[in-house]
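Visitor: I should like to discuss the charged contacts and the surface of this structure. Could you take me through them in turn?

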Amino acid sequence: MNNKKAQIQMFENIGVLVVFFFLLALGIVLYFNYQSKSIADYQKKISELKAFHLSQQLYNMPELDCHYGGIRINGCIDDLKLQIFSQQIQANKEDYFDILGFSEIKIKQVYPQSQEFVLYEEKPQNKYTSRVFTIPVILFSQKENSHCAGQLGSCSLALMEVTYYAPQ
Amino acid sequence: MHHNKGSEIMGLAIAMILITIGILFATVFLMKQSDEKFNIILDQELASNTLSSILQTTTNCNGQTIENLIIDCAGERRFLCSGSYSCDFVRNELKVLLDRTLSAQKRNYFLNFKTSDEIFFFGEKCQSQQTSSTAQIPVYGELISVRLDLCR
């Protein structure tokens, strides 16, 4: 009689443990699925943040910004500086890699004419994810008979497109 | 008594699982909130840069910026741009500029210019949430307020 009771109790305990481990395994599977998805999302977010950060850094760089007679024009890239900076980047790619990393930086003029200019491009060898951040900027070029932000020159509308590559 | 012990363990196990799931949902909710804040920051930057860049863009009407043409339109109307008044010209050019920036990025927007007696706008009012950027243009003793709403 006692033996049977002990057996029933044992089965009961085993049943409880089976259900417990089943629920635990289910929890672990769900948790890891969620974790892997959130890590991928987080990686995308970091790339987007990096692209955003790079765009901010770029138009505040003295190599590119518009600074005339003690006045700085916000969100502006000097056309002449852009041409020179592009050559400088090509000549000293390693130096600028520390700042720009694996990324692609394009300046797309959209008004009055449309034209595209690739300032920097460095893709990783291995698999990567990429995020793009696009922000409008003005492209200043010195010109007579035109006005822009209190200066004698012309301001074209451009889009700065920063693609950040995050190696996987 | 033994039955109770089994149920107790089962109850505890279920409680643990429920607490874990609860924590998981709370984490998801908090992560979504921080994502939202991040997107707001990006949109604020995009809205303010778009507005300031558009206003400072030089047009082919006497080499004047959009801002100067708006001032002219609200005041003396001295400039004739390709045979039309500055008001018509600036409306057309603003549409082109917005099409090539925000519309090209598939962003819905509402840009509105308001003086004491006139309002003109581009795009459609945002149905849900929005991020805004504003600018004030002084014109002959009054202010034109410009507001760009980026819809989310």
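Guide: Let us begin with an acidic residue of chain B. In this predicted model, D43(B) has a relative accessible area of 8%. Buried means under 20%, so D43(B) counts as buried.

Visitor: With which residue does the side chain of D43(B) meet in a salt bridge?

Guide: The N to O distance of the pair is 3.9 Å. A salt bridge requires a nitrogen within 4 Å of a carboxyl oxygen, and the partner of D43(B) is R152(B).

Visitor: How many residues apart in sequence are the parts that D43(B) and R152(B) tie together?

Guide: D43(B) belongs to helix α1 of chain B, residues 2–56. R152(B) lies in the segment after β6 (142–151) of chain B. The pair therefore ties together parts whose separation in sequence is 109 residues.

Visitor: Is R152(B) buried, partly exposed or exposed?

Guide: The relative accessibility of R152(B) is 33%. Partly exposed covers values between the 20% and 50% limits, so R152(B) is partly exposed.

Visitor: Which elements of chain A are joined by the salt bridge of E48(A) and R131(A)?

Guide: The side chains of E48(A) and R131(A) meet at 3.3 Å, N to O. Because E48(A) lies in residues 2–59 and R131(A) in residues 128–148, the pair ties together parts 83 residues apart in sequence. Those parts of chain A are helix α1 and strand β6.

Visitor: What is the relative accessible area of R131(A)?

Guide: Its partner E48(A) counts as buried, at 13% relative accessibility. R131(A), by contrast, is partly exposed, and its relative accessible area is 28%.

Visitor: Are R78(B) and E76(B), which meet in a salt bridge, buried or exposed?

Guide: Their side chains meet at 3.2 Å, N to O. R78(B) has a relative accessibility of 57%, and E76(B) has one of 52%. Exposed means over 50%, so R78(B) and E76(B) are both exposed.

Visitor: Which residue is linked with D65(A) and R72(A) in a network of salt bridges?

Guide: The network lies in chain A and links D65(A) and R72(A) with a further residue. That residue is K81(A).

Visitor: What accessible area do the residues of the nonpolar surface patch have together?

Guide: The patch is formed by L17(A), F21(A), L24(A), I28(A), Y31(A) and F32(A). F32(A) is placed in helix α1 of chain A and is exposed, with a relative accessible area of 55%. Together, the patch residues have an accessible area of about 580 Å².

Visitor: How many salt bridges are found over all chains?

Guide: The pairs discussed include E48(A) with R131(A) and D43(B) with R152(B). A search of the whole structure gives a total of 12 salt bridges.

Terms used:
Residues are numbered from 1 along each chain as its sequence is written. Chains are lettered from A and ligands numbered from 1 in the order in which they are written. This is a predicted model: local features need pLDDT of at least 70, side-chain atom pairs count only at pLDDT 80 or more; totals for chains, interfaces and linings use all residues. Side-chain values use heavy atoms; hydrogens and water are left out. Helices (H or I, at least four residues) and strands (E, at least two) are DSSP runs, numbered from the N terminus. Buried means under 20% relative accessible area, exposed over 50%, partly exposed in between (1.4 Å probe, protein chains only). Patches are made of residues with over 30% relative accessible area and no salt bridge: like charges are joined within 9 Å, nonpolar side chains (Val, Leu, Ile, Met, Phe, Trp, Tyr) within 5 Å. Accessible areas come from the Shrake-Rupley method with a 1.4 Å probe; for residues, only the protein chains shown count as cover.
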